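Student: Could we go through the side-chain contacts of this protein together? I would like to begin with the cysteines.

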Amino acid sequence: AGITDYWVSQTANSCESARSKLTVTVYVIPAAPIVSNVAYCVGESASALTATGISLKWYSVATGGTANTAPTPSTSMTGTTDYWVSQTTNGCESSRSKITATVYAIPSAPTVSNVAYCVGETASALMATGTSLKWYTTATGGTAMTTAPIPSTNTAGTTDYWVSQTANSCESARSKLTVTVYAIPAAPIVSNVAYCVGESASVLM
């Protein structure tokens with residue numbers, strides 16, 4: 001890379017003209033753009049790909065092909081798709097950087113089992129079968145708890161909880177887990193009984 005000057009004249013009838021200067025500039029080919037791979041969940045809204053560079057050109061192949069504007073990856077199905085991008089300065093196009101767009105499947109909802117307690121019984125933290133569980137007190141929205149809640153057994157009734165699992169940053173649908181707290185029944189009503197020795201006794205009631 002650099003600049004070189006040349007001079008040229010022309011001659012007519014043995015008469016040489018003044019010289020014109022011609023400058024040849026050799027530019028450095030820029031480095032390939034800086035990129036980061038991207039990941040989505042199936043059905044997630046995707047954005048156009050980005051890269052750090054000047055006058056970016058996007059391709060669907062590593063060499064050759066037709067340059068395009070930044071593509072938006074499809075998230076309609078799981079899998080990986082590769083894209084390539086170059087930058088151009090002073091009319092010199094760089095080599096291409098590869099960006100891989102990965103679309104992950106949404107995991108299934110966790111497996112849960114309802115639980116039941118008696119009023120005042122010591123409860124344990126709720127459990128579910130899944131990865132990176134998130135617990136909620138609502139079916140949709142709400143704030144996720146990464147620590148499983150411990151239900152209260154102070155009063156009789158039912159309380160619903162919801163739990164999801166996350167894999168590859170994709171969160172599943174929520175499973176509902178119902179906690180039932182039963183009232184402790186009153187002691188039975190009894191009447192004392194008396195027998196004489198040797199008397200035939202009846203089953204207590």
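Tutor: Gladly! This is a predicted model, in which local features need pLDDT of at least 70, side-chain atom pairs count only at pLDDT 80 or more, and totals for chains, interfaces and linings use all residues. Residues are numbered from 1 along each chain as its sequence is written, and side-chain values use heavy atoms, with hydrogens and water left out.

Student: What is the handedness of the link between Cys41 and Cys170?

Tutor: A disulfide here is a pair of cysteine sulfur atoms within 2.5 Å. The sulfur atoms of Cys41 and Cys170 are 2.1 Å apart, and the two residues form a disulfide. The angle about the S-S bond is -105°, and the link is left-handed.

Student: Why does the disulfide of Cys41 and Cys170 tie together parts apart in sequence, and how many residues apart are they?

Tutor: Strands are DSSP runs of E with at least two residues, numbered from the N terminus. The disulfide joins Cys41 and Cys170. Because Cys41 lies in strand S5 (residues 38-41) and Cys170 in strand S15 (residues 170-171), the pair ties together parts whose separation in sequence is 129 residues.

Student: Is Cys118 buried, exposed or partly exposed?

Tutor: Let's use the cut-offs: buried means under 20% relative accessible area, exposed over 50%, and partly exposed in between (1.4 Å probe, protein chains only). Cys92, at 17%, is buried. Cys118 has a relative accessible area of 38%, so the class of Cys118 is partly exposed.

Student: Which strands does the salt bridge of Lys57 and Glu93 tie together?

Tutor: A salt bridge needs a side-chain nitrogen of Lys or Arg within 4 Å of a carboxyl oxygen of Asp or Glu. For Lys57 and Glu93, the closest N and O atoms are 3.9 Å apart. Lys57 lies in one strand and Glu93 in another, so the pair ties together parts 36 residues apart in sequence, namely strands S6 (residues 57-59) and S9 (residues 92-93).

Student: How far apart are the closest N and O atoms of Asp160 and Lys176?

Tutor: Both partners can be reached by the probe: Asp160 is partly exposed at 29%, and Lys176 is partly exposed at 44%. Asp160 and Lys176 form a salt bridge, with a closest N and O distance of 4.0 Å.

Student: Which ring does the charged end of Arg96 sit over?

Tutor: The rule asks for NZ of Lys or CZ of Arg within 6 Å of the ring centre and within 35 degrees of the ring normal. The charged end of Arg96 is 3.4 Å from the centre of its ring, which belongs to Tyr59.

Definitions and conventions: Helix = DSSP H or I, 4+ residues; strand = E, 2+ residues; numbered from the N terminus.
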